[in-house]
Amino acid sequence: MPSVMIRKSDSGALLFYVAKKDMEETIATVETDTPQTWGGEVELTDGSRWYVDPISPPPVFPTTLRFKRAD
Amino acid sequence: MANLTREETLDLIAEVLEVYPEKAKKDRAKHLAVNDQAIEQSKKCITSNRKSLPGVMTVRGCAYAGSKGVVWGPIKDMIHVSHGPVGCGQYSRAGRRNYYVGMTGVNTFGTMNFTSDFQEKDIVFGGDKKLAKLIDEIEQLFPLNKGISVQSECPIGLIGDDIEAVSKKKAKELDKPIVPVRCEGFRGVSQSLGHHIANDAIRDWVIGNRDGDDSFPTTPYDVAVIGDYNIGGDAWASRILLEEMGLRVVAQWSGDGTIAEMELTPKVKLNLIHCYRSMNYISRHMEEKYGIPWMEYNFFGPTKIAESLRKIAAFFDETIKANAEAVIAKYEAQYAAVIAKYRPRLEGKRVMLYVGGLRPRHVIGAYEDLGMEVVGTGYEFAHNDDYDRTIKDMADSTLLYDDVTGYEFEEFVKRIKPDLIGSGIKEKYIFQKMGIPFRQMHSWDYSGPYHGYDGFSIFARDMDMTINNPCWGKMTAPWLVEEEAQAQPQQARA
């Protein structure tokens, strides 16, 4: 369960940053991304999948969340 | 010599790796790569931030070097205690040339060495009492210090001293920030983790100190310069450009910086980060906690400076944007003259770099402005995100090497035959004796500044006086010159 900092990149995409692993990836898809909730399963551009319980109302980025590996 | 093709470079890597035992070869192969701009993510072609191979020569430092030497050391009005045996502090004292203004020993302490000088009895009985006593002595001898940081050396972690407890107690007594930093040298694989630990210490002990205190008058144009260590005056050469643009530089991290500036940084509107590797952590933290955006900039060479100034101005209103253009226009005559003078002397020269932090990619633009070409680059302690940024700046089929060993670097140089090498002091004399011009790019070979437009003219002059120095034509002893000429018709040195 790494702490992941989610922030917006210059191009507006969401970046998935794990400080401990020194990993910075772009988020490709988010399961739930509505004005009410954000979260669920998240797929990154490198193909790995992560899970966070849906958050309502959606968090303000940048923020740090605890993710679980989905696979 | 013409540049190598992709296949030739791959062959070169294979050839160099040939001497290693099977296991070592497999490990080192992952750290050497041929640049391919088509690759989006560096982790597909190069591995970085891994433990160095035992038995090879590496030039990496330790976590203490990253924290005391890089991040904390330049903060001039604090006293940085090298807590542990005397050597770590003494041998790293003032070597990095972080310039500052102030009276050393009175209100600034940058080039001094403070150490608790551990002896056997301190290892056996613990050094906490000694640390408490030392802090009292500092306070008595140097009352104008604005704070103390305790930089742990290896034994502190090994014997389990509680420097946090001592620091907290003393901080209360003296009413000054006393920051314990757990940067024992054995942590991590290189100085890189030391940067991270130092950033975390700043986050925990400094950044929040003025939360809820609005007595500092702010303007919409407040910025902080982060990750500029003022080597040879770099930060000053950068700062004037920002100020001419109409921005107000509230803090310099950490070259010529003070603890007060660092405490005020959360009040700025934009964090400008030069050395991404050593200070991205704190920038990310400030973005999350205070909503301060951060951007990377590059003040090496006029092309990159202009690009960066415009990018910085884009965060602000029209006046600043107009000012940025005015600044670029103002210096145009100056840098055009520098290029006109030195470009003909340096055109087409090939450079190999092996440095740390930001330089292996940031200085490429400055070399290109002088018509030079970077044919190989590598970092001592980079992570994947640094290589992500490097791939785009380097030409295709150039060489990338991570944590290169002494042997590999020499072999690469023998084959590629660059006209200039930029690396550290440990490499300097080897390559000079091999007859290759060399610049020490960690502390600018006792020159500098290299940042900003003013720095660019010094940079160009230094490169010219190194490469075109007549001494490189005199590498053979006079009595051997004739023999050699008879034996094989030598090609004339450029």
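Helices here are DSSP runs of H or I with at least four residues, strands are runs of E with at least two, and both are numbered from the N terminus. Axes are lines fitted to C-alpha atoms, for helices over the stretch in contact, and angles run from 0 to 180 degrees between N-to-C directions.

Before you click on anything: this is a predicted model, where local features need pLDDT of at least 70, side-chain atom pairs count only at pLDDT 80 or more, and totals for chains, interfaces and linings use all residues. Residues are numbered from 1 along each chain as its sequence is written, chains are lettered from A and ligands numbered from 1 in the order in which they are written, and side-chain values use heavy atoms, with hydrogens and water left out.

The model scores ipTM 0.89 and pTM 0.94. Colour chain B by pLDDT (the predictor's confidence in each residue, from 0 to 100): its mean is 94, and 98% of its residues reach 70 or more.

**Stop 1: helix 1 against helix 18, chain B**

Select residues 6-17 of chain B for helix 1, then 406-416 of chain B for helix 18. The two pack at an angle of about 135°, with their axes 10 Å apart. That makes helix 1 of chain B oblique to helix 18 of chain B; angles under 35 degrees count as roughly parallel, over 145 as roughly antiparallel, 65 to 115 as roughly perpendicular and the rest as oblique.

Now show side chains. Contact means heavy atoms within 4.5 Å, and on the helix 1 side Leu12(B), Ile13(B), Glu15(B), Val16(B) and Leu17(B) take part. Across from them, helix 18 of chain B brings residues including Tyr407(B), Phe412(B) and Arg415(B). By class, this contact of helix 1 with helix 18 has seven nonpolar, no polar and four charged residues. Ala, Val, Leu, Ile, Met, Phe, Trp, Tyr, Cys and Pro count as nonpolar, Asp, Glu, Lys and Arg as charged, and the others, Gly among them, as polar.

**Stop 2: the six-stranded sheet**

Keep helix 18 of chain B on screen and add strands 1, 10, 11, 12 and 13 of chain B, as the helix touches each of them. Helix 18 of chain B makes about 175° with the direction of strand 10 of chain B. The sheet is open, has mixed pairing, and runs in the order 1-12-11-10-13-14 (chain B); strands pair if DSSP finds at least two bridges between them. Strand 1 (32-34) and strand 14 (438-440) of chain B each have a single partner strand, so one side of each has no neighbour in the sheet.

Zoom in on strand 1 of chain B: three bridges join it to strand 12 (residues 399-402) of chain B, antiparallel. Val34(B) has Leu399(B) as its bridge partner.

**Stop 3: the four-stranded sheet**

Still in chain B, pick out the open sheet with the order 3-2-4-5 and parallel pairing. Its edges are strand 3 (114-115) and strand 5 (178-181) of chain B. Between strand 2 (residues 79-83) and strand 4 (residues 148-152) of chain B there are five bridges, and His83(B) sits opposite Ser152(B). Add 128-141 of chain B: that is helix 6, packed on this sheet.

**Stop 4: over to chain A**

Strand 1 (residues 3-8) of chain A pairs antiparallel with strand 6 (residues 63-66) of chain A over four bridges. Strand 1 of chain A also pairs antiparallel with strand 2 (residues 14-18) of chain A, over four bridges. Finish at the hairpin of strands 1 and 2 of chain A, with five residues between the strands, where Gly12(A) takes a positive phi near 95°.
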